[in-house]
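Here is a report on how two chains are divided, how they pair and how they pack. Look over the structure first, then read on.

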Amino acid sequence: MTATGTSPRNIDGQAISITVFSTVKWWGRLFLPVLFFVTARVPKLTRTLVQLSFIHFARWSIVKEIPFNGPPQPKQKLNYPHMYFESNFNGGWEEYIDAFSHILTSGMAAFWGSSYGFPKALPVGPFKEYIQDNETAASHYYSAYPHATITMIKSALELDDKLAPLKRNAKRMDPDAFAAAYETLLTDAQRCL
Amino acid sequence: MRSANRSGQAYGFLAMTPIKPGEIEALQQYLESLRERGPSPLSRVSRTHMARWVIVPKFHRKPAYRQRKDDMLEIPSLIFSSNLDGDLDSYLDELCEALAPEAPEIWGRCIGCPPEAKGAALKEYLKFNQVDCGFFYAAYGQATVSKVRRTLEQRDQLVAFAVRSQGLSPEELQGAFVEEFAAS
């Protein structure tokens, strides 16, 4: 364990990985695809996720069968579907689970409510224990920009949009007009710097 | 038809491959040692934002879960998950080429992997074992790896420039800005 509350193998710079499998009840096989479909198409449902601003990428998948690759792999028919969840985030493991529990309480119930053993998102203690029980540490984890947080990346992308017109026009502007535009840019983009 | 594996231009890929009996410890040791050997081999696959290898020995079950039937993985699996730019086919072409030195040590320890663990055969193997996303979220799904890196550098560059250029006349400021940001 590290100061971030997770295995060092789950960390690359600021980026932290979490990988969780949970076993899904029979009705989750019907409910989860509908939930995923609707969540992907109704931006309002992911607004809080966007506002939390510490998740780079996240995914949920349903494993219904194990592809058969030939012997010595046995052909296996699963009794239940299994839900794979991964997240790539920055911050600390504890803070991440706390935020999920307290802010995305109803979302957690929707996504994990059909999983065996899910204790509800609140209180957070049993939920953390549940995640720890079902989490598997990465053997190798990689980030292409390990020192960047989501806030830094979003700021840098926003700044790029703001800076583009001045880069395009700087050469042909009158010096005084350029200086004024530059000052305006710095004021306008202050929170991106 | 919209793909659940996509968010903006970003694609979420996951392959789950069965590990050969007796190979799990060697595979674990090899993957864990990649950090000690230098930069991650995934850094050679330029369209990779974030990726992981995870060994899943079993599915968890506790009596308190009240799960009626057991549902063990009969054979441990290796998960490879990547959050990547653009289209999957060309990405896997690049991946299978760039990871040619490591792939025999990784997927070569999995059942069904082609003997040479590279090129088109490895790509087909990974696609055969792909697990689709149900829901994929990308916070900046329109931005490629190269754009993220470029804009992060540019942000640092602008901060340094703002400090350095204090007190310059409008002419000097414009000249310095053009040289720094708009020379081309």
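## Domains

Domain bounds here come from an automatic or database domain assignment. On that basis, chain A is divided into domain 1 (8-134) and domain 2 (150-192). The centres of these two domains of chain A, taken over C-alpha atoms, are separated by 39 Å. The model is a predicted one.

Chain B also has a domain 1, covering 6-128, and a domain 2, covering 145-181. In chain B, the C-alpha centres of domain 1 and domain 2 lie 41 Å apart.

## The contact between the chains

How many residues of chain A are in contact with chain B? The count is 71 residues of chain A, against 69 residues of chain B. Helix H6 of chain A, residues 150-169, gives the most to the side of chain A that touches chain B. Its share is eleven residues. By class, that side of chain A has 41 nonpolar, 21 polar and nine charged residues.

## A sheet completed by chain B

One open sheet has five strands, in the order S1(A)-S2(A)-S4(A)-S3(A)-S5(B). The pairing is antiparallel. Strand S1 (11-12) of chain A and S5 of chain B stand at the edges. Each has a single partner strand, so one side of each is left without a neighbour in the sheet.

Within chain A, eight bridges join S3(A) to strand S4, residues 82-90, and the two run antiparallel. A:Arg59 has A:Glu86 in S4(A) as its bridge partner. The link across the chains is made by strand S3 (residues 55-63) of chain A and strand S5 (residues 135-138) of chain B. These two strands pair in the antiparallel sense over four bridges. Which residue of S5(B) is the bridge partner of A:Trp60? It is B:Phe135.

## A sheet completed by chain A

Another open sheet of five strands follows the order S5(A)-S3(B)-S4(B)-S2(B)-S1(B). Its pairing is antiparallel. The edge strands are S5 (140-143) of chain A and S1 (6-7) of chain B, and each pairs on one side only.

In chain B, strand S3 (residues 48-56) and strand S4 (residues 77-85) run antiparallel, joined by eight bridges. B:Trp53 stands opposite B:Phe80 in S4(B). Helix H1 of chain B, residues 24-33, lies across S3 and S4 of chain B and S5 of chain A. H1 of chain B runs at about 150 degrees to S3(B).

## Helix packing in chain A

Helix H3 (residues 93-103) and helix H5 (residues 124-134) of chain A pack at an angle of about 125 degrees. Their axes are 10 Å apart. That angle makes H3(A) oblique to H5(A). The crossing of H3(A) past H5(A) is right-handed.

From H3(A), the contact uses A:Ile97, A:Asp98 and A:Ser101. They meet A:Val124, A:Phe127, A:Lys128 and A:Ile131 in H5(A). The contact of H3(A) with H5(A) has four nonpolar, one polar and two charged residues.

## Helix packing in chain B

In chain B, helix H2 (residues 88-98) packs on helix H4 (residues 119-128) at an angle of about 120 degrees. The axes lie 9 Å apart. H2(B) is therefore oblique to H4(B). H2(B) passes H4(B) in a right-handed crossing.

B:Leu92, B:Asp93 and B:Cys96 represent H2(B) in this contact. Opposite them, H4(B) supplies B:Gly119, B:Leu122, B:Lys123, B:Leu126 and B:Lys127. The contact of H2(B) with H4(B) divides into four nonpolar, one polar and three charged residues.

Note on methods: Residues numbered from 1 in each chain as written. Chains lettered and ligands numbered in written order. Predicted model: local features only at pLDDT ≥ 70, side-chain atom pairs only at ≥ 80, totals over all residues. Pairing = 2+ DSSP bridges. Contact = placed C-beta atoms within 7 Å. Axes fitted to C-alpha atoms, helices over the stretch in contact; angles between N-to-C directions. Parallel < 35°, antiparallel > 145°, perpendicular 65-115°, else oblique. Left-handed = near helix turned anticlockwise from the far one by under 90°. Nonpolar A, V, L, I, M, F, W, Y, C, P; charged D, E, K, R; others polar.
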